[in-house]
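Here are a few exercises to work through with the coordinates open in your viewer. Try each task before you read its solution.

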Amino acid sequence: MNEVKQARNRARRYWQIDGINELVVGAAVAWIGTVFVLAGYLDSSSLRYVGIANMFVLGILMPRILRLMKDRITSPRTGHVSYPGQKAPLGHRVLMTCLGIGMMFELQYGDLRNLTVLGEPIEHVLFYALFFTPIAVACAVRGIQWQMPRLLFIAASVLIAGLISWFGQPSDAITLALWLLLPGATAAMTGTWGLICYLKENPLQLEEGDHVS
Amino acid sequence: MSADFSADPNRVIHEPARLKIMSVLSILECADFVYLMNETGLTRGNLSVQLRRLEEAGYLVVSKEFRGRMPRTVASMTDAGRKAFKEYRAYLKTLLRTTAKTTPIQDALPESG
């Protein structure tokens with residue numbers, strides 16, 4: 001790996017090293033999972049709507065919470081950095097969202113739902129191929145690239161959740177619990193551990209002439 | 001292309017501390033004071049002085065902002081800074097390439113043992 005890539009990876013690592021991303025995203029996913037699991041067990045449609053509403057609210061709030069925590073915790077300790085390509089272009093994000101929504105509609109109402117692959121319904125196969133595998137691979141690759149073994153735990157939890165629900169075919173409520181609660185809780189725990197280590201290793205560094213009141 | 005040995009390097013960039021700052025910022029969009037301090041290993045005072053020098057030369061934009069009650073000094077490279085850094089790199093490359101042909105690094109190293 002050349003020096004430029006190494007330096008950029010260090011900059012990327014700065015965004016993950018504190019564990020805040022994992023903690024916030026993991027906690028949100030685990031929370032949504034809990035609501036859906038409760039809705040499944042209690043057979044409550046209103047709780048399902050609460051879960052969906054939570055997804056939207058957290059989707060809007062999460063970036064703000066993350067920014068606030070980064071500003072308060074990370075910036076005074078290891079600084080703030082942005083690197084080229086940090087934010088995916090708006091066009092890409094819109095395209096991915098449209099593709100995701102389109103696929104959900106197609107699988108729900110279109111002709112694709114009658115197809116099977118290796119005896120499994122197409123939506124089942126697509127879901128595992130497009131959801132679990134990329135997340136697990138991305139976590140594992142980044143864990144190795146940024147020398148952050150805790151990301152490997154998240155990758156493993158995502159894979160385990162996918163494999164158990166694929167082979168075990170548990171009830172809907174348990175499946176949801178596996179999909180959301182297991183990776184979410186794992187991420188929240190590794191994030192908390194990461195944050196504790198980060199706070200221990202990185203004391204507050206003030207800029208010249210700054211005072212803490 | 002042969003090196004022009006009479007040409008001077010860009011003195012603003014050539015200073016080691018400023019070269020470190022420029023090298024870090026050349027591959028980033030922006031970085032704050034604390035990040036630059038950690039990455040370059042410079043002291044607060046030195047970093048502050050060198051940032052000002054680079055800003056005066058028009059190579060960096062340094063802005064001070066507040067996040068809550070915490071101040072944050074953010075530096076990013078200007079187009080002029082990127083151009084100057086690119087020219088500086090080209091100058092060094094040519095110089096080193098020319099000298100490497102006549103004095104290979106292995107020959108220049110003292111013999112061990």
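**Exercise 1. Find the strand of chain B that pairs with β1(A), and give the sense of the pairing.**

Step 1: Strands here are DSSP runs of E with at least two residues, helices are runs of H or I with at least four, and both are numbered from the N terminus. Two strands pair if DSSP finds at least two bridges between them.
Step 2: The partner of β1(A) is strand β1 (residues 30-32) of chain B, with two bridges in the antiparallel sense.
Step 3: Look at Ser82(A), and you'll find Cys30(B) of β1(B) opposite.

Before going on, some bookkeeping: this is a predicted model, where local features need pLDDT of at least 70 and side-chain atom pairs count only at pLDDT 80 or more, while totals for chains, interfaces and linings use all residues. Residues are numbered from 1 along each chain as its sequence is written, and chains are lettered from A and ligands numbered from 1 in the order in which they are written.

**Exercise 2. Follow the strand pairing on through chain B.**

Step 1: β1(B) also pairs with strand β3 (residues 70-77) of chain B, antiparallel, over two bridges. Within β3(B), Ala75(B) is the bridge partner of Ala31(B).
Step 2: β3(B) pairs with strand β2 (residues 60-67) of chain B too, antiparallel over eight bridges. One facing pair is Glu65(B) and Arg72(B).
Step 3: Check the turn: β2(B) and β3(B) make a hairpin with two residues between them, and Gly68(B) in that turn has a positive phi of about 70 degrees.

**Exercise 3. How many residues of chain A are in contact with chain B, and which elements supply them?**

Step 1: Count a contact when the C-beta atoms of two residues, placed from the backbone, lie within 7 Å. That gives 20 residues of chain A in contact with 21 residues of chain B.
Step 2: On chain A's side, α1 (3-16), α3 (45-78) and β1 (81-82) each supply at least two residues. The largest share, five residues, comes from α3(A).

**Exercise 4. Why do the buried residues of α2(B) line one face of the helix?**

Step 1: Call a residue buried if 20 or more other C-beta atoms, placed from the backbone, lie within 10 Å of its own, exposed if 12 or fewer, and partly exposed in between.
Step 2: In helix α2 (residues 16-26) of chain B, Arg18(B), Ile21(B), Met22(B), Val24(B) and Leu25(B) are buried.
Step 3: Seen down the axis, the buried residues of α2(B) fall within an arc of 165 degrees (taken from the directions from the helix axis to the C-beta atoms), so they line one face.
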